[in-house]
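Work through the exercises below with the sequence and the model side by side. Each task is followed by a solution in steps.

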Amino acid sequence: IVQSNFYGDHNSLNAGLYAQVQGEPTEKLKLVAGLRFEHNRLDGQADSITPIVPLMRAGLNYKLGKFTYLRASFGQGYRFPSIAEKYASTTLGSVKIFPNPFIQSEKGWNAELGIRQGITAGSYQGQADVAAFLTRNRNMVEFIFGIYPDPVTGVYGLGFRADNLEASRVSGLETDIVLANNQSRIKHLITLNYVLMNPQELNPETGEPTGLKLKYRRTHALKLGIDGTAGKWEGGLSIIARSKMLRVDDVFLQSLDGRYILPGFPEYWNENNKGYLVADVRIAYNLAEHLSLSAIVKNLTNGEYMGRPGDVQPPRWFSLRLSANF
């Protein structure tokens with residue numbers, strides 16, 4: 001039951017029935033398969049073309065060697081529009097948000113093939129994991145800038161509205177490496193994650209690539225973490241590196257009657273839409289069993305970067321913290 005000045009008042013029901021089977025036909029092979037039936041009803045109306053939506057998933061894991069495992073999986077996805085996407089009606093600064101009660105559900109599927117290898121090298125133990133993935137979606141929901149009618153007055157105005165605009169194909173590769181050393185004087189853990197992604201927009205009618213990339217995505221993303229302890233001392237280093245953002249909404253870069261949604265953003269985008277690297281460092285000392293003192297530096301290099309248009313992230317900052325656990 002929803003009572004809101006932002007969405008309006010609504011009643012909704014979401015119900016699902018799920019069954020899964022799993023087994024081990026051989027000592028090295030594990031199989032799993034599941035089926036889900038889902039129903040969503042909003043204000044007495046079924047929120048899909050078919051009242052009951054079937055979804056399936058399946059996967060396998062095969063032991064290739066003593067510390068080597070091969071896996072594969074496939075799963076379908078279905079997302080009913082949120083009440084906000086259907087009925088949100090408000091003004092954010094100079095931008096108006098329009099409702100769209102006729103928006104449809106997102107559909108898609110995901111497949112993955114991966115291999116995991118256990119690692120023992122000297123005093124290090126850990127694992128390396130590499131996986132290739134492919135995701136397909138249609139009826140993807142995006143807030144699109146345009147001219148829409150006000151639901152109360154019927155007067156047309158400029159603003160954003162959620163619409164089923166895109167179909168997409170996202171393919172890529174993900175690598176995870178974890179190494180631990182608990183035998184040296186300084187015990188430490190090293191983690192590395194890297195993602196290579198190709199987020200393509202597809203023509204909803206033909207299913208062929210349009211030549212455009214999905215908005216707000218990046219091709220490369222890397223994260224490195226090093227954490228260690230020695231006696232009463234603890235420390236850590238975190239590094240995040242990402243390539244430039246491939247695309248944003250055209251409305252942020254084009255003027256309307258000589259005015260911009262975010263004044264100054266087109267110039268900033270052209271100069272600063274580059275890859276970035278952010279490093280965070282921390283060091284802590286345990287003064288007593290339940291008392292510790294820590295110093296943290298975030299954005300060590302004082303890099304300037306943004307998460308989305310108009311969202312420039314904080315510069316370098318320092319903190320000193322005394323913590324007590326009771």
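The exercises start with the whole chain of this predicted model and then turn to single residues.

**Exercise 1. Overall form**

Task: Describe the secondary structure and the overall dimensions of the protein chain.

Solution.
Step 1. The protein chain holds two helices and 17 strands.
Step 2. Along the principal axes, its C-alpha atoms fill a box of roughly 70 × 55 × 50 Å.
Step 3. The radius of gyration is 25 Å, whereas a compact globule of 326 residues would have one near 20 Å.
Step 4. Of the contacts with a separation of 6 or more, 57% join residues 24 or more positions apart.

**Exercise 2. Surface and charge**

Task: State what share of the residues is buried, what the exposed surface consists of, and how the charges are placed.

Solution.
Step 1. Of the 326 residues, 29% count as buried.
Step 2. The protein chain exposes about 20,000 Å², and 57% of this area comes from carbon and sulfur atoms.
Step 3. There are 35 positive and 30 negative charges, and their mean positions lie 7 Å apart.

**Exercise 3. Glutamate 201**

Task: Classify glutamate 201 as buried or exposed, and find the partner of its side chain.

Solution.
Step 1. Glutamate 201 belongs to strand β11, which covers residues 187-202.
Step 2. Its relative accessible area is 10%, so glutamate 201 is buried; the cut-off is under 20%.
Step 3. Leaving aside neighbours within four places in sequence, the contacts of glutamate 201 include Glu166, Ala167, Pro209, Leu212 and Arg247.
Step 4. Among these residues, arginine 247 offers a side chain that makes a polar contact with the side chain of glutamate 201, at 3.3 Å.
Step 5. Glycine 211 is 10 residues away along the chain, and its C-alpha atom is 7.1 Å from that of glutamate 201.

**Exercise 4. Glutamate 106 and asparagine 139**

Task: Find the backbone atom that the side chain of glutamate 106 reaches, then describe asparagine 139, one of its contacts.

Solution.
Step 1. Glutamate 106 is in strand β8, residues 106-121.
Step 2. Glutamate 106 counts as buried because its relative accessible area is 18%.
Step 3. Its side chain reaches the backbone nitrogen of valine 141 at 2.7 Å.
Step 4. Not counting neighbours within four places in sequence, glutamate 106 is in contact with Gly77, Tyr78, Arg79, Arg138, Asn139, Met140 and Val141.
Step 5. Asparagine 139 lies in strand β9, residues 124-149.
Step 6. Asparagine 139 has a relative accessible area of 22%, so this residue is partly exposed.
Step 7. Although asparagine 139 is not a glycine, its phi is positive, about 60°.

**Exercise 5. Aspartate 43**

Task: Locate aspartate 43 and give the sign of its phi.

Solution.
Step 1. Aspartate 43 sits in the loop between β2 (29-42) and β3 (45-46).
Step 2. Its phi is near 55°, which is positive in a residue other than glycine.
Step 3. Aspartate 43 is partly exposed, because its relative accessible area is 36%.

**Exercise 6. Serine 243**

Task: Which backbone nitrogen does the side chain of serine 243 reach?

Solution.
Step 1. Serine 243 is in the loop between β14 (233-242) and α2 (265-272).
Step 2. Serine 243 counts as buried, because its relative accessibility is 17%.
Step 3. Beyond four places in sequence, serine 243 touches Arg218, Thr219, His220 and Gly275.
Step 4. The nitrogen in question belongs to histidine 220, at 2.9 Å from the side chain of serine 243.

Notes
Residues are numbered from 1 along each chain as its sequence is written. This is a predicted model: local features need pLDDT of at least 70, side-chain atom pairs count only at pLDDT 80 or more; totals for chains, interfaces and linings use all residues. Side-chain values use heavy atoms; hydrogens and water are left out. Helices (H or I, at least four residues) and strands (E, at least two) are DSSP runs, numbered from the N terminus. The radius of gyration is taken over C-alpha atoms; the globule rule is 2.2 Å times the number of residues to the power 0.38. Buried means under 20% relative accessible area, exposed over 50%, partly exposed in between (1.4 Å probe, protein chains only). Contact means heavy atoms within 4.5 Å. Accessible areas come from the Shrake-Rupley method with a 1.4 Å probe; for residues, only the protein chains shown count as cover. Lys and Arg count as positive and Asp and Glu as negative; His and the chain ends are not counted. The place of a charge is taken as NZ of Lys, CZ of Arg, CG of Asp or CD of Glu. A polar contact is a pair of N or O atoms within 3.5 Å; within protein, one must be able to donate a hydrogen and the other to accept it, and residues adjacent in sequence count only if both atoms are side-chain atoms.
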